[in-house]
Amino acid sequence: MNPIKKTIALPDGREITIETGKLAKQADGAVEVRMGNTMLLATVCSAKEAGEGVDFMPLTVEYKEKYASIGRYPGGFQKREGRASDYEILTSRLVDRVLRPLFPDDYHADTFVNVTLYSADADDAPDALAGIAASAALACSDIPFNGPISEVRVARVDGEWVINPTFAQIEKADIELMVGATYDNIMMVEGEMDEVSEAELLEALKVAHAEIKKHCEAQLELMKEAGYENKRTYCHEINDDELRADVKAKCYDKAYAIARTGTADKHWRAEEFGKIRDEYIESLPEMTEEQLEKYTPEQRLAMVKRYYHDVEKEAMRRCVLDEGIRLDGRKTTEIRPIWCEVDYLPGPHGAAVFTRGETQALVTTTLGTTLDEKIVDDVLNQSKERFLLHYNFPPFSTGEARPQRGVGRREIGHGNLAHRALKRMFPEGFPYTCRIVSDILESNGSSSMATVCGGTLSLLDAGVKMKRPVAGVAMGLISDPGAVKWAVLSDILGDEDHLGDMDFKVTGTTKGITATQMDIKCDGLSYEILAKALDQARDGRLHILNIINETIPEAREDYKPHVPRLVTIEIPKDMIGAVIGPQGKVIQGIQEETGTHISIEEDEERGIGIVEIASADKESIDAALAKIKAIVAIPEEGEVYEGTVRSILDFGAFVEFMPGKDGLLHISEISWDRLDSMEASGLKEGDKLQVKLIEIDKKTGKYRLSTRVLTPKPEGYVEREQRPRGDRGPRPRREGDRGPRRDGDRGPRRDGDRGPRREFHKKQED
């Protein structure tokens, strides 16, 4: 064993170490990456041969977190790690998007990159290390790869740039970006911002790239020392240069003519491009013996399709660069026609349709209570989310005839981008849990940006008073090798994304940028191009925001009638138990009686309980509110209460005058008339009556009630003189008596022989 280690110093003094040669040595490449107490193991394995007929890069990136890494048990009955969480999927996508373009175009072997978190720190975010771990594993292998790369998270906290910030610093950041890059080029960007300017975003990218260059240098040194400078030889494609030239000679002009027609209908365009390819295939002569020695008819057909794809790509790109003509006839800065409508569906709390060109999103908003919050139980994140956004991409949106099988990585990634775009504009202190669902009904580019725009419309239609509306637009790039000649395209089509060099999504308000996502497919992207793309994105965003404002200038004044109404009150922390009651009986009883939904949360920082009451009508909320206020209210002497007789005794009645609080209504306090017995009072258990709290015993906390003081005193009424309790004189001696007692000394009583006095005191104590 001869492990090799490299150390990278971060600007704040922390260190990242990369080590190979110690763990997982049977993999093609394996490294462990550490930062503080965080340790990830990255392995990579790639097949020696490509699968039959595979003409793409079959790369799989998996990021997994072990609960043992932080000393926790997984939830659920199985008590073991299960399907990947959204966080793990998003981290896998971040790594995949940087690695995938850097494999050779003709390398088609199944390749698996696995990054596993084995040790974690509650402070440090491990996803920032996944990119460098995956890249270092490839560097320390013989797999062909045009890297290395690294990923860093850059954040601005209190005006200062921080590389790979802690979780606490991320919470305070107004810019938080994950950036992936090679030594020369930025390849991937994803993050969120608090309405920052384009210049501030560019500055963040420069800070991140400067740090990434150090990471790449360390990996190159590691690769050299580990002896992996020379990569494996491979042959995953069969090519025929004569056939390639023939395809271009006979198809290019026809493809160029279709590309410059400026037709917006993508299905017509796809059919016309397909006809050119099919006509060429039909015109192919029988294969010669020389050709048959080199490849089969099936392999020739695959080559023709691949070569024609390149012809179609070049025709589209030259049309843009040489004539400024896009596939649908727009100018490079032009946004497709937009129409949108709110209140489109009667059932949801908010609903909107947003259509831009051939991309359409139907977006709904649902408002709920705290019971509807999403509970997150990830390895390093145990929290609740009150603002949710889900994105669905059914096959019919692109005219595909195939079944829809659950939610894929693409849906999670696109939904996450739209969520980050909108969440900072969500109103603070909003009482509802909010769920946005975007269903893509048509797709021809930028469906995630349609989700952002439709999400804004849906929120406003639901009556959510956003800080400011948010819109988004996707920018593309067409460039010559080395970016000698280039054009930035606003609001790109699906084909422009597929055949172009960049997909740069930017969302924001009239004030600034809220989120961004960028993928690069070319070598070399200058800051001049990035600045141009950001400026063009701002113009497009403002154009879309104007249309949104014309559709719905502001949020609804009130919620729709079927939206549940919410009232939130704060109660003392020590009263939470009283409201809930034993085994939840009190709160359940209130919910049943009033038809409301009630939830209680404890705010440990403030030392209070927060009670949320939800119902479709105001009367139910008022009734529940009155009951809860009565429970948490503090009894006050002199106040009049509506009470219920709970028990009748010889000397009076016990009355519940507040929930959970009983007081003694003595027989002498029932009426101004003297009552000889409780039967004469006419009171029965369950009777409702008004009582006045006339005394609170400060020592015992017992309550004395009265009903007679609530009626006028009879004329000439004389209060009976109360004899001091300790001055009752000598009692006559009875047979069996033990002699006179001392004043105040009542002597011992026999067990159980305490008469009404015991019952009275016991009831008061209860």
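Start by selecting Val709, which counts as partly exposed because its relative accessibility is 36%. What you have open is a predicted model, so keep that in mind as we go.

**First stop: a nonpolar patch**

With Val709 selected, add Val640 and Leu710: these residues make a nonpolar surface patch of about 200 Å². To see where Val709 sits along the chain, colour the loop between β29 (703–706) and α16 (755–765).

**Second stop: an eight-stranded sheet**

Now show the strands in the order β8-β7-β9-β10-β21-β20-β18-β19; these eight form an open sheet with antiparallel pairing. Which strands are at the edges? They are β8 (160–163) and β19 (486–490), and each pairs on one side only. From one strand to the next, the twist averages 15°.

Zoom in on β7 (residues 150–157), which pairs with β8 in the antiparallel sense over four bridges. A good pair to label here is Val154 with Ile163, since Val154 stands opposite that residue of β8.

Next, bring in two helices. Helix α8 (residues 297–323) packs on the sheet and touches β18 (471–479) and β19; the directions of α8 and β18 make about 95°. Helix α10 (residues 447–461) also packs on the sheet, touching β18 and β20 (502–508). For α10 and β18, the directions make about 160°.

**Third stop: backbone details**

Select Gly147 and Pro148 and look at the bond that joins them: this is a cis peptide bond, with omega about 0°. Pro148 lies in the loop between α2 (127–139) and β7.

Move along to Asp158, in the loop between β7 and β8. Asp158 is not a glycine, yet its phi is positive, about 55°. Is Asp158 buried or exposed? With a relative accessible area of 67%, Asp158 is exposed.

Compare that with Ser446, in the loop between β17 (433–442) and α10. Ser446 is another residue other than glycine with a positive phi, near 60°. Ser446, however, is buried, because its relative accessible area is 9%.

**Fourth stop: Asp127 and a six-stranded sheet**

Select Asp127 in helix α2. Asp127 is buried, with a relative accessible area of 4%. Leaving aside residues up to four places away in sequence, Asp127 touches Tyr63, Tyr87, Thr91, Glu151, Arg153 and Met178.

Follow Tyr63 into strand β5 (residues 59–65), where Tyr63 belongs to the covered face along with Leu59, Val61 and Glu65. The uncovered face of β5 holds Thr60, Glu62 and Lys64. In a regular strand, side chains alternate between the two faces of the sheet.

Strand β5 runs parallel to β6 (residues 111–119), and seven bridges join them. Label Tyr63 with Val115, which stands opposite in β6, and Thr60 with its bridge partner Phe112.

Zoom out to see six strands forming an open sheet in the order β1-β2-β3-β4-β6-β5, with mixed pairing. Because β1 (4–9) and β5 each have a single partner strand, one side of each is left without a neighbour in the sheet. The twist from one strand to the next averages 15°.

**Last stop: salt bridges**

Side chains of opposite charge can pair when their charged atoms come close. The structure holds 68 salt bridges; here are some to find.

Select Arg420 and Glu192, whose closest N and O atoms are 2.9 Å apart in a salt bridge. This pair links distant parts of the chain: Arg420 is in helix α9 (residues 409–423) and Glu192 is in strand β10 (residues 186–196), 228 residues apart. Both Arg420 and Glu192 are buried.

Then try Lys250 and Asp246, which form a salt bridge with closest N and O atoms 3.4 Å apart. These two are four residues apart in helix α5 (residues 241–259), so about one helical turn separates them. Lys250 is partly exposed at 48% relative accessibility, and Asp246 is partly exposed at 25%.

Continue to Arg556 and Asp343, whose side chains meet in a salt bridge (3.3 Å, N to O). Here too distant parts of the chain are linked, with the two residues 213 residues apart.

To finish, select Asp127, Arg153, Glu176, Glu192, Arg420, Lys423 and Arg424 together: salt bridges that share partners join them into one network.

Definitions and conventions: Residues are numbered from 1 along each chain as its sequence is written. This is a predicted model: local features need pLDDT of at least 70, side-chain atom pairs count only at pLDDT 80 or more; totals for chains, interfaces and linings use all residues. Side-chain values use heavy atoms; hydrogens and water are left out. Patches are made of residues with over 30% relative accessible area and no salt bridge: like charges are joined within 9 Å, nonpolar side chains (Val, Leu, Ile, Met, Phe, Trp, Tyr) within 5 Å. Accessible areas come from the Shrake-Rupley method with a 1.4 Å probe; for residues, only the protein chains shown count as cover. A salt bridge is a side-chain nitrogen of Lys or Arg within 4 Å of a carboxyl oxygen of Asp or Glu. Buried means under 20% relative accessible area, exposed over 50%, partly exposed in between (1.4 Å probe, protein chains only). Two strands pair if DSSP finds at least two bridges between them. Axes are lines fitted to C-alpha atoms, for helices over the stretch in contact, and angles run from 0 to 180 degrees between N-to-C directions. Contact means heavy atoms within 4.5 Å.
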